[in-house]
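Here are some exercises to work through with the model open beside you. Try each task before reading its solution.

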Amino acid sequence: MKMLKFAGALLVSASLVAPAAAKELKFGHVGAPGSLFAVSAEHFAEQANGRLPDGWSVAVFGSSQLGKDREMLQKLKLGTIDFALPSTVMSSVTPEFGLFEMPYLVKDRDHMRLIEAEVVQPTLLPAAEREGYKILALWENGFRNITNNAKPINTPDDLQGVKLRTPNGEWRVNMFRSYGANPTPMAFSEVFVALQTGVIDGQENPLAQIASAKFNEVQDYLSMTGHVYTPAYVTVSANHFTKLPEDVQSVLMEVAQETQDFVYETAAQMDIDLLDQLKAGGMQVNEPDKQAFIDASASIYEAFAEQVDGGAEMVETSISLGAGS
């Protein structure tokens with residue numbers, strides 16, 4: 001009887017230390033083929049698959065195949081997918097991420113790198129972990145611009161009454177409401193049909209999303225507001241990720257962080273190429289009065305400072321980091 005108990009204990013002990021079985025790791029995102037999300041995730045998968053141990057691989061599923069952003073975040077916690085690439089939706093997960101809803105906060109990608117080191121890593125990453133998410137790296141969604149079918153948008157006054165799709169983030173909704181628009185939160189996968197059928201008048205996104213989703217086919221005007229810069233977060237479950245073998249974790253973290261340079265370089269080139277492409281496709285492009293938008297944004301900064309713990313300090317630090325750029 002003692003021998004049986006001892007053997008059983010050995011079996012239990014062995015099961016606890018048995019290595020995780022090799023598997024295909026699922027990476028989901030909402031971007032269409034050719035989008036910055038798609039190009040970024042596919043580059044990451046290619047690089048990771050060349051370095052992961054035998055039997056391990058990353059497979060990318062774009063175009064919301066694995067769900068919308070909120071659904072994928074839930075699936076991360078359930079362990080049914082392994083990676084997601086959320087952007088604006090993170091401000092609904094924990095309020096600190098509303099920092100990147102502040103209009104005209106980020107000047108350029110060099111400024112963004114400084115904010116990542118001084119604000120994101122010490123403040124936002126721990127906030128995400130408290131909600132069960134681990135962010136391996138920051139990539140990019142990009143500088144956002146407005147498209148619509150009513151008229152060129154030159155100042156906030158031109159947005160009066162425009163029914164504008166926004167992501168599901170309260171700060172973006174509040175910002176456009178303060179500008180006079182009628183913001184309408186909607187999943188990205190639903191936007192093309194809503195524009196095509198006139199359910200909404202316009203939307204706002206980086207050029208890479210506008211072009212890859214073919215919004216130019218159902219939108220007449222592109223206004224280069226550049227009102228918000230949105231990072232994209234390479235996100236995993238804090239719980240499930242730590243159960244992967246350490247060498248697998250190390251490769252995935254290293255490659256995710258190394259991919260940032262590729263993402264930023266690709267995004268910068270896309271901003272040039274896609275603007276020419278959208279113009280050639282017939283969109284009417286205008287350069288708005290950005291100062292008018294900046295002047296109209298004071299209330300959203302004040303609300304963030306009042307409503308989010310440490311909000312004022314995060315904004316002040318972020319702005320000061322861009323003073324020399």
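Helices (H or I, at least four residues) and strands (E, at least two) are DSSP runs, numbered from the N terminus. Residues are numbered from 1 along each chain as its sequence is written, and side-chain values use heavy atoms, with hydrogens and water left out. This is a predicted model: local features need pLDDT of at least 70, side-chain atom pairs count only at pLDDT 80 or more, and totals for chains, interfaces and linings use all residues.

**Exercise 1. Find the place of L105, then say whether L105 is buried or exposed.**

Step 1: Look in the loop between helix 4 and helix 5, and there's L105.

Step 2: Check the accessibility. Buried means under 20% relative accessible area, exposed over 50%, and partly exposed in between (1.4 Å probe, protein chains only). L105 has a relative accessible area of 4%, so L105 is buried.

Step 3: List the neighbours, where contact means heavy atoms within 4.5 Å. Leaving aside residues up to four places away in sequence, L105 touches L99, H111, Y301, V315, S318 and I319.

Step 4: Try a distance. From C-alpha to C-alpha, L105 and I81 are 33 Å apart in space, with their positions 24 residues apart in sequence.

Step 5: While you're in this loop, find Y104. Y104 isn't a glycine, yet its phi is positive, near 60°.

**Exercise 2. Work out which residues of helix 12 are buried and where they sit around the helix.**

Step 1: Go to residues 298-307, which make up helix 12, and pick out I300, Y301, A303 and F304 as buried.

Step 2: Look down the axis of helix 12. The buried residues fall within an arc of 160°, so they line one face of the helix. (The arc is that of the directions from the helix axis to the C-beta atoms.)

Step 3: Ask what covers these buried residues: helix 6 (170-179) and helix 13 (311-321) are included.

**Exercise 3. Describe how helix 6 and helix 12 pack.**

Step 1: Recall what to look for. Two packed helices are described by the angle between their axes and the distance between the axes.

Step 2: Apply that here. The two axes, of helix 6 and helix 12, come within 10 Å and cross at roughly 145°. Axes are lines fitted to C-alpha atoms, for helices over the stretch in contact, and angles run from 0 to 180 degrees between N-to-C directions.

Step 3: Give the handedness: helix 6 and helix 12 make a right-handed crossing. (A crossing is left-handed if the near helix is turned anticlockwise from the far one by less than a right angle, and right-handed if clockwise.)

Step 4: Name the residues that meet. Helix 6 brings W171, N174, M175 and S178, and helix 12 brings S299, I300, A303, F304 and Q307.

Step 5: Sort them by class. This contact of helix 6 with helix 12 has five nonpolar, four polar and no charged residues. Here Ala, Val, Leu, Ile, Met, Phe, Trp, Tyr, Cys and Pro count as nonpolar, Asp, Glu, Lys and Arg as charged, and the others, Gly among them, as polar.

**Exercise 4. Which residues touch the most other members of the largest nonpolar core?**

Step 1: Fix the term. A nonpolar core is a set of buried Ala, Val, Leu, Ile, Met, Phe, Trp, Tyr and Cys residues joined through side-chain atoms within 4.5 Å.

Step 2: Among the 95 residues of this core, the ones to name are F44, V58, F83, W139 and L252. Helix 10 (residues 246-280) supplies the largest share of the core, twelve residues.

Step 3: Zoom in on V58, in strand 2 (residues 57-61). V58 has a relative accessible area of 5%, so V58 is buried. Beyond residues up to four places away in sequence, V58 touches L25, F27, F44, A45, A48, N49, L52, F83 and L252.

Step 4: Now turn to L252. With the sequence neighbours up to four places away left out, L252 touches residues including L25, F44, V58, F83 and L136.

**Exercise 5. Find the buried residues of helix 3 and what they pack against.**

Step 1: In helix 3 (residues 69-78), mark M72, L73 and L76 as buried.

Step 2: Seen down the axis of helix 3, they fall within an arc of 105°, so they line one face of the helix.

Step 3: List the partners of these buried residues, among them strand 1 (24-28), helix 4 (90-93) and strand 4 (133-148).

Step 4: Compare R70, which also lies in helix 3. R70 is at 47% relative accessibility, so R70 counts as partly exposed.

Step 5: Step past the end: G79 follows helix 3 and has a positive phi, near 85°.
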